[in-house]
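Please open the model in a viewer and keep the sequence panel at hand. The tour proceeds by selection, with a short account of what is found at each stop.

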Amino acid sequence: MKRRLLLVSNSTLHGGGYLDHCQQHICDFFGKDVKRVLFVPYALHDRDAYTKTARNKFKTLGYEVDSIHEAADPVAAVGGAEAIFIGGGNTFRLLKSLYDNKVVTEIRRRVMEQDGIPYMGSSAGTNVATISINTTNDMPIVYPPSFSAIGLVPFNINPHYLDPDPHSRHMGETREQRITQYHEEPDTQSVLGLREGSMLLVEGNKATLLGSTKARLFSREKPSMEYDPGSDLSFLLTDTH
């Protein structure tokens, strides 16, 4: 399997600019062979402004950006792409737009089955790369036809994972409690909690945690586990967690 994925928790890290914290990883990931990246801005309402932000950033890294929303035929745009980057925003809006434009299957095909083109996701773009969007943090502002996502990896991710704050007076559920609720349902997959500053690199059947923060793995009826940057998480690609 040729799949190459860079699944980033967040596009902006406190104290830095858009994609600053992962720009070296982006350059390493896309390399010299990729010249143009197809950007998918569906997760935000103002797609033109979002595309301008991505285009300006990627230009500084040496890549041109084409936006899928500017293409007359979105499926053909995916079919001709050298690489794909799906940005963050609202995961429900993003997945609905992917289904509405009939590109879910084509993205999966281009990444997994045929050419093995590189796929980068950030936040919501990372959510939709997984088996489902059931563990997103977002409000369901629109209703996609399914919660099943592109399925580039056989588990779920929770981007922007937040640890419980023992000093907080907030009485709502913690992120950990919400993921536990998900695992109370039958046949639910593992959830990798990516803290801000972390990302997962997938190359074929190898998965490596990158970035500056640890990740927390939640599996049904098992204790949660912490993993340091540099950890080999390849077992997530094959195990039925």
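A residue is called buried here when its relative accessible area is under 20%, and exposed when that value is over 50%, with partly exposed in between. The model is a predicted one.

**First stop: helix α5**

Select Glu106, which belongs to helix α5, residues 104-113. Is Glu106 buried or exposed? Its relative accessibility is 14%, so Glu106 counts as buried. Now display the surroundings of Glu106: apart from neighbours within four places in sequence, Glu106 is in contact with Val75, Val78 and Gly79.

**Second stop: the open sheet**

Next, show the strands β3, β2, β4, β5, β1, β8 and β9 in that order; these 7 strands form an open sheet with mixed pairing. Which strands form the edges? They are β3 (64-67) and β9 (206-211), each of which pairs on one side only. Ignoring direction, neighbouring strands of this sheet are turned by 20 degrees against each other on average.

At the β9 edge, select β8, residues 198-203, together with β9: the two strands run antiparallel and are joined by 6 bridges. One position to label is Ser198, whose bridge partner in β9 is Gly211.

Then add helix α2 to the view. This helix lies across β2, β3, β4 and β5 (119-122), and runs at about 160 degrees to β3.

**Third stop: the aromatic rings**

Select the rings of Phe29, Phe30, Phe39, Tyr50, Phe58, Tyr63 and Phe85, which ring pairs link into a cluster. The structure has a count of 11 aromatic pairs. One of them is formed by Phe30 and Phe58, a tilted pair with 6.3 Å from centre to centre and 55 degrees between the planes. Phe30 lies in helix α1 (residues 23-30) and Phe58 in helix α2 (residues 47-60), so the pair ties together parts that are 28 residues apart in sequence. Both partners can be checked for accessibility: Phe30 is buried at a relative accessible area of 4%, and Phe58 is buried at 0%.

Move on to Phe39 and Phe85. Their ring centres are 5.3 Å apart and their planes lie at 35 degrees, so this pair is tilted. Phe39 is in strand β2 (residues 36-40) and Phe85 in strand β4 (residues 84-86), and the pair links these distant parts of the chain, 46 residues apart. Phe39 is buried, with a relative accessible area of 0%, and Phe85 is buried as well, with 1%.

**Fourth stop: strand β7 and its partners**

Select strand β7, residues 191-194, and display its side chains and C-alpha positions. In a regular strand the side chains alternate between the two faces of the sheet. In β7, Val191 and Gly193 point one way, while Leu192 and Leu194 point the other way, and all are buried.

Add strand β6, residues 156-158, which pairs with β7 in the parallel sense over 3 bridges. Here Ile157 stands opposite Leu192 of β7. Then add strand β10, residues 215-218: its pairing with β7 is antiparallel, over 4 bridges. Within β10, Arg216 is the bridge partner of Gly193.

**Fifth stop: two backbone angles**

Which residues should be selected for a positive phi? One is Leu19, which is not a glycine yet has a phi of about 65 degrees. Leu19 is located in the loop between β1 (4-8) and α1, and counts as buried at 0% relative accessibility. Another is His160, a residue other than glycine with a positive phi near 55 degrees. The loop between β6 and α7 (175-183) contains His160, which is partly exposed with a relative accessible area of 23%.

**Final stop: the cysteines**

How many disulfides does a search of the whole structure find? The result is 0. A disulfide is a covalent bond between the sulfur atoms of two cysteines. Select Cys22 and Cys27: the cysteine sulfur closest to that of Cys22 is in Cys27, 9.8 Å away, which is too far for a bond. Cys27 is likewise in no disulfide, its nearest cysteine sulfur being that of Cys22. For accessibility, Cys22 is buried at 0%, whereas Cys27 counts as partly exposed at 23%.

Notes: Residues numbered from 1 in each chain as written. Predicted model: local features only at pLDDT ≥ 70, side-chain atom pairs only at ≥ 80, totals over all residues. Heavy atoms only, no water. Buried < 20%, exposed > 50% of the residue type's maximum accessible area, 1.4 Å probe, protein only. Pairing = 2+ DSSP bridges. Phe/Tyr/Trp six-rings, centres within 6.5 Å; stacked < 30°, edge-to-face > 60°. Axes fitted to C-alpha atoms, helices over the stretch in contact; angles between N-to-C directions. Contact = heavy atoms within 4.5 Å. Disulfide = S-S within 2.5 Å.
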